[in-house]
Amino acid sequence: MIKRIIYLLFLAVVLNACSTTKYLAPGQKLYTGGTVKIDDKAVSKGDAKGLSSELQTYIRPKPNASLLGMRIKLWLYYKTKARKGFIQKFFSKYGEPPVLVSQVNLAKNSEIMQNRLQNISYFQATVSGDTIGKEKTAKAVFTALPGPSYTIRNVTFPSATDNSLDTAVKGTMKETLLKKGEKYNLDVIKNERIRIDTRLKEEGFFYFAPEQLIIRVDSTIENHQVDMIVRIKPETPDRAREIYTIRNIYVYPNYSLRDTSLQLDKAVPYRWYNLIDPLKTARPYLFANTVLLHPNDAYSRTIHNNSLNRFINLGPYRYVKTKFEDVTPDSPKLDIYYFLTPYKRKSLQAEIIGRTTSANYTGTQLNLSWKNRNTFKGGELLTLTLFGSTDVQVGGQNSGYNVYQYGVQSSLSWPRLIPFNIKSSNAYIPRTVLTLGYTSVVRQKLYSLNSFNGSFGYQFKTDQHKLHELNLLEATFVKPRNVTQLYQDSIKSPLNRNPSLKHVIDPQFTLGPSYAYTYDNTTEDYRTNSLYFRGKLSLSNNLYGLLSGADTLGGKPKTLFGTIFNQYAKAEAEIRFFHKLTANTKIATRLLAGVGLPYGNSTILPYNQQFFIGGPNSLRGFRPRALGPGTVDPTPINGNSFIADQSGDIKLEANIELRQKLFSIVYGALFADAGNIWNAKPHQEGGTFGPNFLSQMAVDAGFGLRFDASILVLRTDLGFPLLKPYTPVNGTRSITPSFKNAIFNIAIGYPF
């Protein structure tokens, strides 16, 4: 009881300290906000609620900000306005001067809200305002009488005549935003003019503008209806009525602001465009996939914008500027000039990265990248990256087994599909990419590996949401360079129960194609529901394995280039679904599924192709790579602190998060995760996928904070394991939630 009294007294002191009305001068009243009452029985309750909420957004000024009823910014203003010391000067920028009721212009606010009602079909609306006050505070109360709403009866477009502009406007009628029976809305009328103009720009009306359309409204119709008449303004100039076609196209690949002359005498024709490049910085064919308009084509804004996007996506060019010149002799014609400002051709970049890995290590990586843009003057990008990293775990179960990596990665990218010549007119440049790389992995006290990789394939987008990645060939070769006695003992020791450790250091040789498809509209923040999907299919040595008769289980393992190769088919899918509950609240979900089928020359997927689970981006209530496969208990025995990297051929995982903005850049989250991994074939007791897989799922739940500064997201999650996939000796799968067995995760970025 005494504690409660103390808490109440403390709360009273805080509230008194944050009281701001005591600073007001005599006769002043603090403005606390405004409300709008819809006083019209003819308006339904649902419409009245919506109108009230909308009209409140137009009330000005806004009252002082408050948190839990306390006007902290206003209190800071009063406490720091004298600015006597460093602390006061520092906090003064967060202060906010008082908003007084005398600053509220009732007549002006009423006029704005009345005008808004008239713009959304309530032509007879009236709004009046008053203030209701206490001793030191007052609020504004507005009463709105909307009256009847007016709906559209008929919409008339120009008649299709010999006039090409009238005919074109008439042709847009089927997609009109002005629908019979819907309420009059000025915003819809404005959008209708923009819609028609956008359509006309696709048909060559280069000089037409939305302002040259007028939509007359006849509100004298009975039963509160209106007729709408779409017309072209009589004063519209002649050139806005003409369809313009393209005459000549000029491309300047090495343009500078210092260039003042068009140098048309130096133009070199190539197919349908002209290149003005005295220094020969680019090969003429480079722009065949970017100059999408052709001579005698009618001007199209979409095709022109797609060309601009493609010029930028080529890679060598920083800016692109366009100039249209009206060169009408006998018929409306345009010349187009594309001025391209290039990047510096060669560049060197160094970057230091701090990171957390999926194995719960923290570390740094140094990258030194050299780029050669427009390497062979055909838009090629050659990148060479040297890297080195160190990852350590302090105080965890892998403490002392630090991971060091160094190597080189190179890539050569062409802005076209080699050797194909596939034509498209969207905004995205297809690419051919060749990569080669080497990585040395050193796990302190355990082993070191050499890893070689290479690929050749294509990347192309069919629209802004869909990405296709087709690698005709992907190759990986991994071979141990050194294995310590400690690691070898951990494989052979009957007490450690970790024979699967041998798989980590087995030689790996994969060779085959892969295809990945990605759909992503999550960058469009206006959506209530958004979706991300990625699916991938990869194969290794399938045809060669069949032709050579590879059969490891039958005692017929085969080699390629003197090395036993891996043979498998692997499919992966990930889907993320996001639903906005409010502007600051979102539900995020993810479902992951992966299946790898080893066969022929393999009985298990190569380690670098297997699935793992657990950690800050997976099941956050469990250590990274410390679950599965199946019901296998990976817990070390006899006090041995060495933990294996548990892996499997099959993976299922599901996650759900409730994300809520708390204040400023701080977001909170409640989450739950479930999943496990399994082997495809029975070579480990309890680890094989079977019909009872759902009963082998690990489950956790927890909460976390995200500090989202847009360019960087720092995430902390506290996960509580609830259900283990295995049953310990004399134990149970269920885990009682407690801070003792909780896992604290720190990571960069959202988990999904």
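Which residue takes a positive phi in the hairpin of β16 and β17? In this hairpin, which has three residues between the strands, the positive phi, near 75 degrees, belongs to K445. The structure is a predicted model, in which local features need pLDDT of at least 70 and side-chain atom pairs count only at pLDDT 80 or more, whereas totals for chains, interfaces and linings use all residues. Residues are numbered from 1 along each chain as its sequence is written, and side-chain values use heavy atoms, with hydrogens and water left out.

Strands (E, at least two residues) and helices (H or I, at least four) are DSSP runs numbered from the N terminus, and two strands pair if DSSP finds at least two bridges between them. Strands of a sheet pair through backbone hydrogen bonds, either parallel or antiparallel. The hairpin strand β16 (residues 431–443) pairs with β17 (residues 447–461) in the antiparallel sense over 13 bridges, and V433 stands opposite G457 in β17. Strand β16 is also joined to β15 (residues 403–414) by twelve bridges, and these two strands run antiparallel. Within that pairing, Q409 lies opposite G437 of β16.

An open sheet of three strands, with mixed pairing, follows the order β1-β3-β2. Its edge strands, each pairing on one side only, are β1 (30–38) and β2 (126–133). From one strand to the next, the twist averages 20 degrees. Seven bridges connect β1 with β3 (residues 137–145) in the parallel sense, and G34 is placed opposite A140 in β3. Helix α2 (residues 45–56) packs on the sheet and touches β1 and β3; its direction makes about 150 degrees with that of β1. Such angles run from 0 to 180 degrees between N-to-C directions, the axes being lines fitted to C-alpha atoms, for helices over the stretch in contact.

A nonpolar core is a set of buried Ala, Val, Leu, Ile, Met, Phe, Trp, Tyr and Cys residues joined through side-chain atoms within 4.5 Å, where buried means under 20% relative accessible area (1.4 Å probe, protein chains only). The largest such core has 24 residues, and those with the most contacts inside it are I249, V251, Y273, F287, V291 and F311. Two or more residues each come from β7 (245–252), β9 (273–275), α8 (301–313) and β11 (333–342); β11 gives the most, with four residues. Not counting residues up to four places away in sequence, V291 touches I249, V251, W272, Y273, S307 and F311, contact meaning heavy atoms within 4.5 Å. A second, separate core of 21 residues includes V155, I196, F208 and V230.

Note on methods:
Buried means under 20% relative accessible area, exposed over 50%, partly exposed in between (1.4 Å probe, protein chains only).
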